[in-house]
Amino acid sequence: FAAQRHVLTYMEDAVSQLLENREDISQYGIARFFTEYFNSVRQGTHILFREFSFVQATPHNRASFLRTFWRCFRTVGKNGGKYSSICCYLLTAQEYHCLLQLLCPDFPMELTQKAARIVLMDDAMDCLMSFSDFLFAFQIQFYYSEFLESVAAIYQDLLAGKNPNTVIVPTSSSGQHRQRQPPNDCNPLEGVEASLFYQCLESLCDRSKYSCPPSALVKEMLSSSQRMTFYGFLMALAKDQAINRALGALPDKGDLFLDPAMDQELEKLVAQVSGLSVSGPASSSADTANMPIRNSPRTNSPWKPLHHRRKMDAESEGSNEETDSSEN
């Protein structure tokens, strides 16, 4: 169970954060720190603003990052969809990469480009994409990254008539991703035989140490075609809602722009900001004191808010000393 849930990974990270921030943590205790840390892991907020090597370290981290990206930026495409002709809601790969870097500053551009290539089917990286198209392609590319590296090698071997059983399954868990050479689909209508392709993928899933889509769903997806190209396969994965449900990070496409809990929080925030704007400078301090306060859990790592408060207190004390000296 511990290995399956990657408990050791989180214990090592927690201890590392504990040692790094031991002065701040000593103020409120180690027990509280571990409680808040693992609560953030359970809630999926532990990946915010972390380095890419940690974000991609476990399946739970990847699913949490996908869910966070969707919840933070779903409004980018909320007015798109069938009205996607409104250009301001279509973004390029570079622009989507900038959004990803807001959550993970060192997120590699290579992964964003691979996801965009699934949508665009070519090297025109400056073309515009809808949020939903990019999101589901990005989900497949990010969550099943190692699996897709092996699929690309298998596909190339099948095109060349080689035995794909010699393909080496990636075993490195480092944050460095291999440069995947785009499969040479000289004739995109040809591809490889779908049944043979599935046999190789089934064998890959059996021996892979990394996350793979359910083989039964892959078989069902490939059974509808006699031949399959590599990017046709990736696009089919991205569009398959059964695979999306099995992964469990994102809602169905029809519910992609629905998030009642987040909408409720946003409405509270808008109401609070609107109230502050209406009150203006003429409002009394009593009116300001009666303003509704938004109480919501912090999304940052549990030790950062305390460190921030400590820094604010130090600045406040310094400010008081200056005031006292000026009065004297």
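Phe-49 is found in the loop between helix H3 (30–43) and helix H4. The model in which this residue appears is a predicted one. The backbone angle phi of Phe-49 is near 60°, a positive value in a residue other than glycine. Is Phe-49 buried, exposed or partly exposed? Its relative accessible area is 39%, and Phe-49 is therefore partly exposed, since that class lies between the limits of 20% for buried and 50% for exposed.

From this loop, the view may be widened to the chain as a whole. The chain contains 16 helices and 2 strands. Of its 328 residues, 42% are buried. When contacts between residues at least 6 apart in sequence are considered, 71% of them join residues at least 24 apart.

Helix H5, which covers residues 59–73, is a suitable next stop. With 15 residues at 1.5 Å a residue, H5 should span 21 Å, and because its end C-alpha atoms are 21 Å apart, the expected and computed values agree. The buried residues of H5 are Asn-61, Arg-62, Ala-63, Ser-64, Phe-65, Leu-66, Thr-68, Phe-69, Trp-70 and Phe-73. What covers them includes helix H1 (7–20), helix H4 (52–55), H6, H8, helix H9 (145–160) and helix H13 (241–247).

One residue of H5 can be examined individually. Thr-68 lies in this helix. Its relative accessible area is 14%, which means that Thr-68 is buried, as the limit for that class is under 20%. Leaving aside residues up to four places away in sequence, Thr-68 touches Gly-44, Ile-47, Leu-48 and Leu-103.

The discussion now turns to pairs of helices. Two packed helices are described by the angle between their axes and the distance between the axes. The first pair considered here is helix H6 (residues 93–103) and helix H7 (residues 109–120), whose axes come within 10 Å and cross at roughly 130°. H6 and H7 are therefore oblique to each other, and their crossing is right-handed. On the side of H6, the contact is made by Ala-93, Gln-94, His-97 and Leu-100, while H7 contributes Met-109, Thr-112 and Ala-116. The residues of this contact between H6 and H7 comprise 4 nonpolar, 3 polar and no charged.

H7 also meets helix H8 (residues 131–143); the axes of these two helices come within 8 Å and cross at roughly 120°. H7 is therefore oblique to H8. The crossing of H7 with H8 is right-handed. Which residues make the contact between H7 and H8? From H7 come Leu-111, Thr-112, Lys-114, Ala-115, Ala-116, Ile-118 and Val-119, and from H8 come Asp-133, Phe-134, Ala-137, Phe-138, Gln-141 and Phe-142. The residues in this contact of H7 with H8 divide into 9 nonpolar, 2 polar and 2 charged.

The path ends with H8 itself. H8 has 13 residues, and the distance from its first C-alpha to its last is 18 Å, close to the 18 Å expected at 1.5 Å a residue. Why can H8 be described as largely enclosed by the rest of the structure? The reason is that 12 of its 13 residues are buried. These buried residues of H8 are Phe-131, Ser-132, Phe-134, Leu-135, Phe-136, Ala-137, Phe-138, Gln-139, Ile-140, Gln-141, Phe-142 and Tyr-143. H8 is also among the elements that cover the buried residues of H5.

Technical notes. Residues are numbered from 1 along each chain as its sequence is written. This is a predicted model: local features need pLDDT of at least 70, side-chain atom pairs count only at pLDDT 80 or more; totals for chains, interfaces and linings use all residues. Side-chain values use heavy atoms; hydrogens and water are left out. Axes are lines fitted to C-alpha atoms, for helices over the stretch in contact, and angles run from 0 to 180 degrees between N-to-C directions. Helices (H or I, at least four residues) and strands (E, at least two) are DSSP runs, numbered from the N terminus. Angles under 35 degrees count as roughly parallel, over 145 as roughly antiparallel, 65 to 115 as roughly perpendicular and the rest as oblique. A crossing is left-handed if the near helix is turned anticlockwise from the far one by less than a right angle, and right-handed if clockwise. Contact means heavy atoms within 4.5 Å. Ala, Val, Leu, Ile, Met, Phe, Trp, Tyr, Cys and Pro count as nonpolar, Asp, Glu, Lys and Arg as charged, and the others, Gly among them, as polar. The expected span of a helix is 1.5 Å times one less than its number of residues. Buried means under 20% relative accessible area, exposed over 50%, partly exposed in between (1.4 Å probe, protein chains only).
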